[in-house]
Amino acid sequence: MSDCSIRPALITNVLPDSIAAEIGFEAGDRLVSINGQPLRDLIDYQFFCADEVLELEVLDAKGQSHQVEIEKEYDDDLGLEFETALFDGLIQCNNRCPFCFIDQQPPGMRQTLYLKDDDYRLSFLYGSYLTLTNLTQREWSRIAQMRLSPLYVSVHATEPEIRIRLLKNPRAGQILDHLRWFQQHELQIHAQVVVCPGINDGEHLERSLLDLVKFHQGDIPAVASVAVVPVGLTRFRPVEDELVPVTPAKAREVIAQVQALQSKFQHQLGSTFAWLADEWFLIGGQDLPPESHYEDYPQIGNGVGSIRQFLKEFQSAAKQLPVSVSPARRFTWVVGNAVEQAFQPILQRLNQVKGLEVEMVALNSQYWGQEITVTGLLTGQDLLRALSGKDLGQGILLPSLMLKHDDSRFLDDMRLEDLSQQLNAPILTVNGIDQLIETCTS
C-alpha cells in the first residue's frame, strides 16, 4: 500500500486537560504528519509521538494547513482520539474460508457487517485474528521493525493441503514457514484452530497441535498459546461448503482428545498451552474445567475461560448484594441457551435477595438456524419471537454483547428501541457483572 493512499487522520475527540486541548485542537481537525512522517495508522501515531519534540502538520475543519510544534515528556500522551485506527484503509481478507461468519449472513444488511478484515494492525491493537496470507514483504518488514507482537493468527491446520482446503488460498500452505519467521525474529503469536468436523479434526487436529507446540520454546516462544474452537454455522451458509455442525458426541470426542494432549503439554512445558473454548463443554454437556486450569487466561478473547471468569467476578461482587430490595421487582434475563446451565449459580444467588425475582430466558437462535447459541449471537428477531405476549416484569436484562459496539442495533439490524416498543417493556442493557447487580438492586 503506497503512502499516496494515506488520508489525514480525522480527530473525533480531544481529551480535556490534555496537551492537545491546551494547544487548541478540536474534533474535526485532521492530523497529516508528525516530524514529516505521514501516518498510516494508530501504530505510527503512537510510535512517532514517543519523541520529545514534535512538529505536527494539521488541517483544520476548513481545510487550512497549520504547523504545530510541541515539546513534551517522552511518554506523555497528546490526548487525541481518531475516527479509525487505520488511516490508510483496511487490509481486506483474500481467503474464502467456508466457515467465515461474514459469508454466513443474509444479504441486504448494513454494509459494515460484510467487511472482511485480515489486517495485522487490528490484530496487534485489538487482538483480532488474521491468516498471514496477504502480507506483502513491506508489511512483514514493518512487523519486524516495529516489533508488533503478539499477533493473533488463525492457523486452523498446519498441514499445507488441509489449510489450503480450508482457506481456499494456495498461500495458506506456507503457515509453518511463517511460524519459523516469527521464531527467527523473536516475535510471538497466539494461535486459533477452528475445528471443522471431517476436515481438520481427528489426526489432523493432533498434527496441528503437535506442530504448534514445537514453537513453544525459549524465552520468547513464537507460539504463546493455542485456542481450539468449534466451527459455528448458520442457515445462510453456502450449500456447497462441505461443513457439518459440531454435535454433542463430536464435542466430547474433541474434549477427550485435547485433554490428553494438555496433560502431555503440562508435563513437558509446565503449561496447558492449547486450550478448549468454553463452547466445547457447553455443546458436549460437560463441566467446565476449574478456574486454576486457565493460567493467565491467554485466550480469553476466544471464549476460553470467559464463563469461569464471569462466575468468579460474580462470586466476588455478590458479597455486596443486599439482603432485600424494596419495592419488590421482577426482571427477565435473556441469555443464549449455551450458558443456561453454567449461569444457574448466578440466577440462584440473585433470587436469594428478598423482593427480587429474576427469570432467566435461555434462547437458541432461529434467525441463524442454530440449536445451541452463545449470547452474543442472539438477534432482535429471536427475542421478539420468544418474549412476545409474556409478562416481562420491570424489564428485560439484556447483555450488551448482543448489540453492535456503540450502537443500539442487533446483528439482524433491529433497533433496541423498536424491540422495546414491540414487546411493550423497558430493555435494560447490562455490561458485565457490576451493572447486572446494580440494575437488579438499585
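This report covers one buried asparagine and the salt bridges of a predicted model.

## Asn 200 and its surroundings

Asn 200 sits in a loop. Strand 9 (189–195) comes before that loop, and helix 7 (203–213) follows. Is Asn 200 buried or exposed? Asn 200 is buried, because its relative accessible area is 0%.

The side chain of Asn 200 has a polar atom 2.6 Å from the backbone nitrogen of Cys 196. Leaving aside residues up to four places away in sequence, Asn 200 touches His 156, Ala 157, Ile 162, Leu 166, Val 193, Val 194, Val 195 and Leu 205. Among these contacts, Val 193, Val 194 and Val 195 belong to strand 9 (189–195). Leu 205 belongs to helix 7 (203–213).

## Salt bridges: Asp 88 and Arg 40

The whole structure holds 14 salt bridges. One of them pairs Asp 88 with Arg 40. Their closest N and O atoms are 3.0 Å apart. This pair links distant parts of the chain, 48 residues apart. Asp 88 is in the loop between strand 6 (80–82) and helix 3 (120–126). Arg 40 is in the loop between strand 3 (37–38) and helix 2 (42–48).

Both ends of this bridge are buried. Asp 88 has a relative accessible area of 6%. For Arg 40 the value is 3%. Each counts as buried because the cut-off is under 20%.

## A pair within helix 8

Glu 253 and Lys 250 form a salt bridge, with N to O at 2.9 Å. Where do the two residues lie? Both are in helix 8 (residues 248–269). They are three residues apart, so about one helical turn separates them.

Their exposure is as follows. Glu 253 is partly exposed, at 41% relative accessible area. Lys 250 counts as buried, at 15%.

## Arg 330 and Asp 391

The side chains of Arg 330 and Asp 391 also meet in a salt bridge, 2.9 Å from N to O. Arg 330 lies in strand 12 (residues 324–336), and Asp 391 in the loop between helix 12 (380–387) and strand 14 (396–399), so the bridge ties together parts 61 residues apart in sequence.

Arg 330 counts as buried, with 16% relative accessibility. Asp 391 is exposed, with 58%.

## A shared network

Which residues are joined into one network by salt bridges that share partners? They are Arg 40, Asp 41, Asp 44, Asp 88, Arg 121, Glu 139 and Arg 142. The network therefore includes the buried pair Asp 88 and Arg 40.

Notes. Residues are numbered from 1 along each chain as its sequence is written. This is a predicted model: local features need pLDDT of at least 70, side-chain atom pairs count only at pLDDT 80 or more; totals for chains, interfaces and linings use all residues. Side-chain values use heavy atoms; hydrogens and water are left out. Helices (H or I, at least four residues) and strands (E, at least two) are DSSP runs, numbered from the N terminus. Buried means under 20% relative accessible area, exposed over 50%, partly exposed in between (1.4 Å probe, protein chains only). A polar contact is a pair of N or O atoms within 3.5 Å; within protein, one must be able to donate a hydrogen and the other to accept it, and residues adjacent in sequence count only if both atoms are side-chain atoms. Contact means heavy atoms within 4.5 Å. A salt bridge is a side-chain nitrogen of Lys or Arg within 4 Å of a carboxyl oxygen of Asp or Glu.
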